[in-house]
Protein chains: 4
Amino acid sequence: MIIQLEHNISDVQRATLAAKLDTIQYKTMEVSTQFGEYIVGVGKKEFDIRTIGTMAGIRDIHRVSDAYKLVSKKWKVDDTIIDLGDGLKIGGGNFEIMAGPCSIESEEQIENTINHLVKNGIRIMRGGVYKPRSSPYSFRGLGIDGLKLWYKKARAAGIKIITEVMMSEQIDDMLEYVDIFQVGARNSQNFNLLDALGKIDKPVMLKRGISGTIDELLQSAEYIFSNGNERILLCERGIRTYEKAYRNCMDINAIAILKEKTHLPVIADPSHGIGVRRFVESIALASIMAGADGVIFEAHQCPEKAFSDGQQTLNFDEADALFEKMKRTFKFKQNL
Amino acid sequence: MIIQLEHNISDVQRATLAAKLDTIQYKTMEVSTQFGEYIVGVGKKEFDIRTIGTMAGIRDIHRVSDAYKLVSKKWKVDDTIIDLGDGLKIGGGNFEIMAGPCSIESEEQIENTINHLVKNGIRIMRGGVYKPRSSPYSFRGLGIDGLKLWYKKARAAGIKIITEVMMSEQIDDMLEYVDIFQVGARNSQNFNLLDALGKIDKPVMLKRGISGTIDELLQSAEYIFSNGNERILLCERGIRTYEKAYRNCMDINAIAILKEKTHLPVIADPSHGIGVRRFVESIALASIMAGADGVIFEAHQCPEKAFSDGQQTLNFDEADALFEKMKRTFKFKQNL
Amino acid sequence: MIIQLEHNISDVQRATLAAKLDTIQYKTMEVSTQFGEYIVGVGKKEFDIRTIGTMAGIRDIHRVSDAYKLVSKKWKVDDTIIDLGDGLKIGGGNFEIMAGPCSIESEEQIENTINHLVKNGIRIMRGGVYKPRSSPYSFRGLGIDGLKLWYKKARAAGIKIITEVMMSEQIDDMLEYVDIFQVGARNSQNFNLLDALGKIDKPVMLKRGISGTIDELLQSAEYIFSNGNERILLCERGIRTYEKAYRNCMDINAIAILKEKTHLPVIADPSHGIGVRRFVESIALASIMAGADGVIFEAHQCPEKAFSDGQQTLNFDEADALFEKMKRTFKFKQNL
Amino acid sequence: MIIQLEHNISDVQRATLAAKLDTIQYKTMEVSTQFGEYIVGVGKKEFDIRTIGTMAGIRDIHRVSDAYKLVSKKWKVDDTIIDLGDGLKIGGGNFEIMAGPCSIESEEQIENTINHLVKNGIRIMRGGVYKPRSSPYSFRGLGIDGLKLWYKKARAAGIKIITEVMMSEQIDDMLEYVDIFQVGARNSQNFNLLDALGKIDKPVMLKRGISGTIDELLQSAEYIFSNGNERILLCERGIRTYEKAYRNCMDINAIAILKEKTHLPVIADPSHGIGVRRFVESIALASIMAGADGVIFEAHQCPEKAFSDGQQTLNFDEADALFEKMKRTFKFKQNL
């Protein structure tokens, strides 16, 4: 059950509501975000929700039977639109592409990538400065200095930044320079990190766990929302299966299902979703047809020389072709 | 290694070839199909293939390092087109839709379905008369009598029939009435059945195993081809994963990868691929963007009353809308 | 619902029962096996089962809510014991080992294997004469001639034969020479083959599908039982997962769960269950602790030269050590 | 490549080594732990390792081709023994059991559990005070106060504490009260947490990820070791598969394989490994036969009333029986 409060609800009205909630013995949690104030109630007792819905100070009330509540479309039917400023929006009919390297490597690489994006009218650049690596002996990214360098170049060119945050201690330092915080697949159930990201007012793109369920992804998003941050994007990036012909199995079903279950925008990551460069295009276009509100993929001036594994990374010529096809496909889908 | 022989190769030329093959100690297998004669050689010895390629009576020779040979695109670069007669072709730019019920149930159901297909310009009807069921106590289909009844109605309406064959003993009886034999997911590695289907001259649509790999699917197709039947279609129908939000996980990656690995047409089955009726459309359209040469899906006049589980079955109104969207999507993809 | 009939039930009593069953509108199926006569009823109507249980000619009646019925322990609480003759029994406290090569290769190999088994007091030899192979170009076994040769040697030495049958047409020819028919993982849902094996009076060992569920395995066993053959063994042989450190993932959980769900004996196949020779012992012993009534594994005089892949095959010295440890472990478990 | 330095290596000897390493162009990392000083080198150049092995100040040098190095048995052949003090050791022939509730709930619950353990001679108690929960609305544990209360009772009774740490910020507060830090499955690749746990001198039990590979588990352990902490235990707790008959699939293969790949002790968690209470015993005993050095499982005075899901939790009577059987099974295995 979700109760949305009026912005101007009075203390007396709050008290009346609290008294009412006591009588139905629901476990309640107050949630205050950038955009609203809610009470999430978990309980089983049957009661007429109109007895609350009609109380003064209450905007509306909905039953939500899912394990996740605030991110459910059962409560909020309209698609959430993530507004990044400067006219850049994702969701609710606004399609955006995010591209760039796996890792931020150098000033020259940043410049080349930005030029490439600008030339194609792409306004969000991806890149890692903190890299989660299976082995402690692998390159772990340029860190905050790399981010600051990147930020300077990106801002000058009107490019937004999406980059991964790995631990809550990094958030403060990164906050000024990041437009969308990405939570990686390995941290998809790092609940303390999710709590912390719920307390800031920057968008968060949450990747599905390597073998995460759709339900777990939505509950992880609920962590962020219920801590106060409504600006969440979800990302399907492939799951682990027995098949060895590709790196991950892009779960195209998940895109369609997420679009039904949640009001949050859904981003497809075909680079990780198949993990083999020459198939990225097909999977990107299929994802758009399945309902994706955006696509994030890896592009590098020279994939063979990328610091991280470039096997799934397009070069700039390949990316050029894909940008255009994706935009046309989204338009086609809108008009279908 | 695949050696394609000239149609008019002489006995002397054959003997010369055999002698040559002896010297390189390759294990060889002669394959004779509707369309050609081949020698498949498996071995490791390095030799200059031109020494065979330039022999009289040899059309061409190719190395194929894959475990499958004759179905590989490394040998045959041009897409195979399955010609069903009456101007109906699949593959190589020809897109076809197959629709109909899970099970053939009654004369009335057959007629209603045919009328529905004809109205929409759909020319291939699916339906089961032999049903593989997990439980021995479930409905197992109307059998050969159902097929004959169906055939009479379908022929009169110019509709082709695709239906599942479960065992080699059924082939002879079915042969006259079937346009495409379907091998179900559970029989994807029923090698004796594949052998038998390799000996007839009717197209075979081979479904991927429930947890079959792409490689296994292609090797199963190799069974059919190497027994003499080149007219094979492959079908992606979803795989088993840990996710419980849907019945199967449509492996969109497999479609893209199969289109690279093989010259055979690839059909998408979104009904089984997600298993939930209201998502079938999204997955069908995504599959086309990923490269599918055709789509097979379940439609029933009244899914709620279907003999088999109708959870993944569209009603005729839903199917109407989907037919049109699929055709437009294929055309869009062709022109992208 | 399972109704077991008395052997001497009269026609009048049958008619009375049929009339009674009509009134509750259950779909019923008559099953007649080597050991008994049953009526399996599927339906939802609530009724007092004692009204049937107390009728003349009825031995007993049980509700079985599982999808499988006759193989359920809810109906038959006592473990089924498979009697192979000559004092050889499996199940109900009788532990047996089956060992031998992947494929029967030659007279010499048969003799060596038999000598090895006899020396160790092992009385069941495994070996394939019909081999399901992913590729049509692989060795497919010596066929019926290999079986006859094997049979001659085995009978002389008092050794029983377990071997795989791949299609129903093979059963008649094989019948005389086989003590246990094995259904391989790829044929675990080859329902026509299961039907056919239900009509003979030889034990059948049914392997779990490569990604088969426990429930599907039991329903496949139900096919055999409901066709008339109660002499069934189930075999856990590992399932497909994402992990690449081994060939299959031995599902130790399945052994424990099967022992609760069914009265049929459960055999562990550690060779396929892990697929790496040097770990077969650990998995064999663990399987016994989890409840296995028997173990089947691959042993070859020279695994490196085995016709089929010998990666999971023990040599005779390794097998010697394992036989003894398995027997001691079963005894330890019995007394724990 | 791992180079172990002598404790008394001189600065000159270090410099000579560094110069030598420069010539072979290996990327090197210095590791200093409680027990030794190492240089881990990653590179491809072939060279005679004896030229380093015979240098003054070098204890030994080994090639390690695995992605993980310091946790590999290729380098350290002897089993690592985790010494918890008070004569309590795990690994290298020392078997230990850890039992207790999912969550620490109350003083009374702590006391009851401790009494139960003491009665059975069990010396390590498990219990969560920080609980990773899929939903933000679930009970998240009593936190540091719960841990302090538990510690007081446990120390008085001579019981050691194993409990989960979820983020690096918690470590300092917990350090005094914890004997083994547990890293949960969801944090198995939380590399910052692993880094932090590598910097303390308390044992760490690292659980395999929900769908983590064996290789990833070992690389995660390498994070801890390479940061300075050699006292690591690995825990197999079941993986995600398609099967729905249990919660997780205990990967018995992984236990056998880990015992070959690493010198670290391997603990089995049958509670999560199958997730169904009445099968925990079978899986525990099987795990011991497969090579586990210890077992951790959930026991609660009243599983039905446990704060967290008690479905996989034994009551004290069931636990009583299991303790004894596990000890006997380990002894049997040792003498087999």
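In which handedness of crossing does α10(A) pass α11(A)? In this predicted model, the crossing is right-handed. Let's start with that helix pair and then step out to the two chains.

Helix α10 of chain A covers residues 280-290, and helix α11 of chain A covers residues 316-335. Their axes sit 9 Å apart and meet at an angle of about 20 degrees. Angles under 35 degrees count as roughly parallel, so α10(A) is roughly parallel to α11(A). On the α10(A) side, the contact is made by E281(A), A284(A), L285(A), I288(A) and M289(A). Across from them, α11(A) brings in L322(A), K325(A), M326(A), T329(A), F330(A) and K333(A). Sort the residues of this contact by class and you get 7 nonpolar, 1 polar and 3 charged.

Now for the chains. Turn chain A by 180 degrees, with 0.0 Å of shift along the axis, and it superposes on chain B with an RMSD of 0.1 Å. That's the relation of a two-fold axis. Look for A286(A) here: its C-alpha is the one in chain A nearest the axis, 2.1 Å from it. Both copies use the same surface, with 100% of the contact residues of chain A recurring in chain B.

What does that surface consist of? Chain A puts in 32 residues, and chain B puts in 32 residues. On the side of chain A that touches chain B, the elements giving two or more residues are α7 (214-226), α8 (252-261), α10 and α11. Our helix α10(A) gives the most, with 6 residues. By class, that side of chain A divides into 19 nonpolar, 7 polar and 6 charged residues.

How values were computed. Residues numbered from 1 in each chain as written. Chains lettered and ligands numbered in written order. Predicted model: local features only at pLDDT ≥ 70, side-chain atom pairs only at ≥ 80, totals over all residues. Axes fitted to C-alpha atoms, helices over the stretch in contact; angles between N-to-C directions. Helix = DSSP H or I, 4+ residues; strand = E, 2+ residues; numbered from the N terminus. Parallel < 35°, antiparallel > 145°, perpendicular 65-115°, else oblique. Left-handed = near helix turned anticlockwise from the far one by under 90°. Contact = placed C-beta atoms within 7 Å. Nonpolar A, V, L, I, M, F, W, Y, C, P; charged D, E, K, R; others polar. Least-squares fit on C-alpha atoms with pLDDT ≥ 70 in both.
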